[in-house]
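I opened the notebook to keep a record of what I looked up, going from helices to strands and then to the place where the chains meet.

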Amino acid sequence: MVPTTTDRDLRLDLFRGLALWLIFLDHIPSNAVSWITIRNYGFSDATEIFVFISGYTVAFVYGRSMRLKGFLIAAARMLKRAWQIYVAHIFLFAIYLAEISYIAHSFENPLYSEEMGVLNFLNNPDVTIIQAMLLKFKPVNMDVLPLYIVLLLGFAPFLWLLMRSPNSALLASGAIYSLSWLFGWNLPAWPQGVWVFNPFAWQFLFIFGAWCALGGAARLSRAINSPVTLVLAIAYLLLAFFIAMTWHVPGLGAYVPTIVGEVIYPIDKTNLDVLRILHFLALAIITVRLVPRDWPALKSPWFKPAILCGAHSLGIFCLGVFLSFAGHFVFTEVSNRVPVQILVSVAGIAIMAGAAWLISWYRTIERQGSGSGSGPKTQAAKPSLAGGDT
Amino acid sequence: MFLGLAAPVHAGEPTECGVDGGPFAVAYPLNRVKKAVANKSLSILVVGAGSSQLPGPNGAAHSYPARMQQALSKKLPGVTVSVVTDVKSRRTAADMVKTLPAQLATSRPALMLWQTGTVDAMQAADPDQFSAALETGIAQARAAGADVMFINPQYSPRTESMIALGVYVENMRWVAVQQEVPVFDRFGLMKAWSDQGTFDFYSATKKLDMAGRVHDCIGRLLADLVLEAAKPDLPTDGNK
């Protein structure tokens, strides 16, 4: 069952928007407000939500394109999208360089002579900038877009297979995931090490999102709606919640049997630990039950800011990374008191929402400007515009 | 599994070292230290990178290994406490492991204090290789007859957007639990100092005063942790 409606599922935008806000809050170092984000209450975090929904929307948009225009056109559009994301990533890297160059000049403290050595790479931009352009050198918190680029680059053949035999595509994806664990596959990073988000592992959640978009969700609906699944999901979330509490209240750690600790730790984010996938699935199952697709509140003005942010995710994601740099800058140069942290967090989310509104306003006038198109043409263009942000 | 060691404040110590919250250590008993104390001679090897030293002519005297030696000597009257340091900046855990057998052979310590993680994070070393280096180092120290205690990275808010410490702090903690090695949680301690306004780690200065006071506190608290872990009788809620 392939979705035929042009109506966008607003839940995707809502939760992707919320995920973008959480990623922003988590990316500001030493931010008291990040206590509210989901990573503190379970195994998975906003990254899983973002990657899954991105897989879902990419399959939705380019699946339509592949059906209507063929493999070549769809693949070409995906490559163009990957290029746009690459440009956005390099733009963010330039902003990052500006921020830390400033900090390098203004900061001195004998306590941190070792830590300041991290700025030494500024002394040889010839190597650093080239490594950044090769996506091997990735500053802290700038790992998501390179992951997204690689996922998009490899997605065309998967989409082709997903549209013919969705289950074998999902199986292939699961096989790559397993093999990456078995053989330690990952892409190399610079100056050493590997990618923080291993594309061979994280592709599984992306492809799973795509599989759900192309009818998998409908096929799963009976399992999702079964009370057994619900009970299992709730039990797993509670267990994860308890384990997460032991991170914050170490006294509770005594209640975790050693054998359990040995089985679950370390919970590997780089290689997308199975515990993280299960946690995301449990969250998704409960969310889908609590928030039906036609939930009237989705149209309420209260959710509008998050939905707008989710609908223009690339721009808002980049803005969020920039704002988290700026927030850290405010903490170091102005004040890091808790009221300032709250102010920076709230202001950042407001700016993201405002920018998302501005982007959709531009889209509206551009659409009107492009000659108030006659029926079918506008109709055909609409999905890529409304759902253009993959 | 985790033994709570809230940093205690003893009479006559600067109150600023004390901190609410914690625990700032994962503690396991240090039997070789216990024996060395009973034999009235405790030798400690500090293996570390740049954050185990302070610059300047008096840097060594103000840095935490020297402060810890002084605190331990005071608290263990009649026991000779010697501290040897193998400290050089820009070394990853794997770098340190290379010279470790030689260091252990010359200083023959009862305790190896191992400060590492920061440089691995700065160079984005493979976290699995970091854990493997820690395990190798523990095995070497134990083979040489020494107990091991980890010191994790400093909390450095200015460089937080450049150095991702998280996974290295986590891996160190996990290796410590598996190998039953105590960890001095310098990161958590300094974060708590920062949150409670004891020290302002954002401040930019060329002067050594704050750095000196921080190392003094760390030295004293380390001495407390060593004594706690080497206690003849651990409290009943101890090591399990």
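The entries below follow the order in which I looked things up.

**Entry 1: status of the model.** I note at the outset that this is a predicted model, and I have read every value below as computed from it.

**Entry 2: α2 of chain A.** I began with helix α2(A), residues 46–69, and asked how its length compares with expectation. At 1.5 Å a residue its 24 residues should span 34 Å, and since the C-alpha atoms at its ends are 34 Å apart, the two values agree. I then looked up burial and found 19 of the 24 residues of α2(A) buried, so that the helix is mostly covered. The residue that follows α2(A) is G70(A), which has a positive phi near 100 degrees.

**Entry 3: α1 against α2 in chain A.** Two packed helices are described by the angle between their axes and the distance between the axes. For α1(A) and α2(A) I recorded axes that come within 9 Å and cross at roughly 145 degrees, and the crossing is left-handed. On the α1(A) side the contact is made by L12(A), F15(A), R16(A), A19(A), L22(A), I23(A) and D26(A), while α2(A) contributes A46(A), I49(A), F50(A), I53(A), Y56(A) and T57(A). Sorted by class, this contact has 10 nonpolar, 1 polar and 2 charged residues.

**Entry 4: α15 of chain A.** I made the length check again for helix α15(A), residues 338–369, where 32 residues at 1.5 Å each should span 46 Å, and the end C-alpha atoms are indeed 46 Å apart. Which residues of α15(A) are buried? They are Q341(A), V344(A), S345(A), G348(A), I349(A), M352(A) and A356(A). An α-helix has 3.6 residues a turn, so residues three or four places apart point the same way; I keep that in mind when reading the list. The buried residues of α15(A) pack against α1 (10–27), α13 (304–311) and α14 (313–333) of chain A.

**Entry 5: chain B as a whole.** Turning to chain B, I counted 9 helices and 6 strands, and 54% of its 240 residues are buried. Of the contacts in chain B between residues at least 6 apart in sequence, 81% join residues at least 24 apart.

**Entry 6: parallel strands of chain B.** I started from β2(B), residues 41–48, in which 6 of the 8 residues are buried, so the strand is largely enclosed by the rest of the structure. β2(B) pairs in the parallel sense with β3(B), residues 80–87, over 8 bridges, and G48(B) stands opposite V87(B) in β3(B). β2(B) is also joined by 4 bridges to β4(B), residues 111–115, again running parallel, with L111(B) as the bridge partner of I44(B). From β4(B) I went on to β5(B), its parallel partner over 5 bridges, where M112(B) is matched with V148(B). In β5(B), residues 147–151, 5 of the 5 residues are buried: D147(B), M149(B) and I151(B) point one way, V148(B) and F150(B) the other. From β5(B), 2 bridges lead to β6(B), residues 183–184, which runs parallel to it, and F150(B) stands opposite V183(B) there.

**Entry 7: α6 against α7 in chain B.** I found α6(B), residues 127–143, packed on α7(B) at an angle of about 35 degrees with the axes 10 Å apart, in a right-handed crossing. The contact involves P127(B), F130(B), S131(B), L134(B), E135(B) and I138(B) of α6(B), together with V167(B), Y168(B), N171(B), M172(B), V175(B) and Q179(B) of α7(B). These residues divide into 8 nonpolar, 3 polar and 1 charged.

**Entry 8: where the chains meet.** How many residues does each chain bring to the contact? I noted 39 residues from chain B and 34 residues from chain A. In chain B, α5 (118–122), α7 (166–179) and α9 (209–229) each supply at least two residues of the side that touches chain A, and by class that side has 20 nonpolar, 13 polar and 6 charged residues.

**Entry 9: P110 of chain A.** Lastly I looked up P110(A), which is found in the loop between α3 (71–106) and α4 (113–116) of chain A. P110(A) counts as buried because 21 other C-beta atoms lie within 10 Å, the cut-off being 20 or more. Leaving aside neighbours within four places in sequence, P110(A) is in contact with L54(B), P55(B), L208(B) and A211(B).

Notes. Residues are numbered from 1 along each chain as its sequence is written. Chains are lettered from A and ligands numbered from 1 in the order in which they are written. This is a predicted model: local features need pLDDT of at least 70, side-chain atom pairs count only at pLDDT 80 or more; totals for chains, interfaces and linings use all residues. Two residues are in contact if their C-beta atoms, placed from the backbone, lie within 7 Å. Ala, Val, Leu, Ile, Met, Phe, Trp, Tyr, Cys and Pro count as nonpolar, Asp, Glu, Lys and Arg as charged, and the others, Gly among them, as polar. The expected span of a helix is 1.5 Å times one less than its number of residues. A residue is buried if 20 or more other C-beta atoms lie within 10 Å of its own, exposed if 12 or fewer, and partly exposed in between; C-beta atoms are placed from the backbone. Axes are lines fitted to C-alpha atoms, for helices over the stretch in contact, and angles run from 0 to 180 degrees between N-to-C directions. A crossing is left-handed if the near helix is turned anticlockwise from the far one by less than a right angle, and right-handed if clockwise. Two strands pair if DSSP finds at least two bridges between them.
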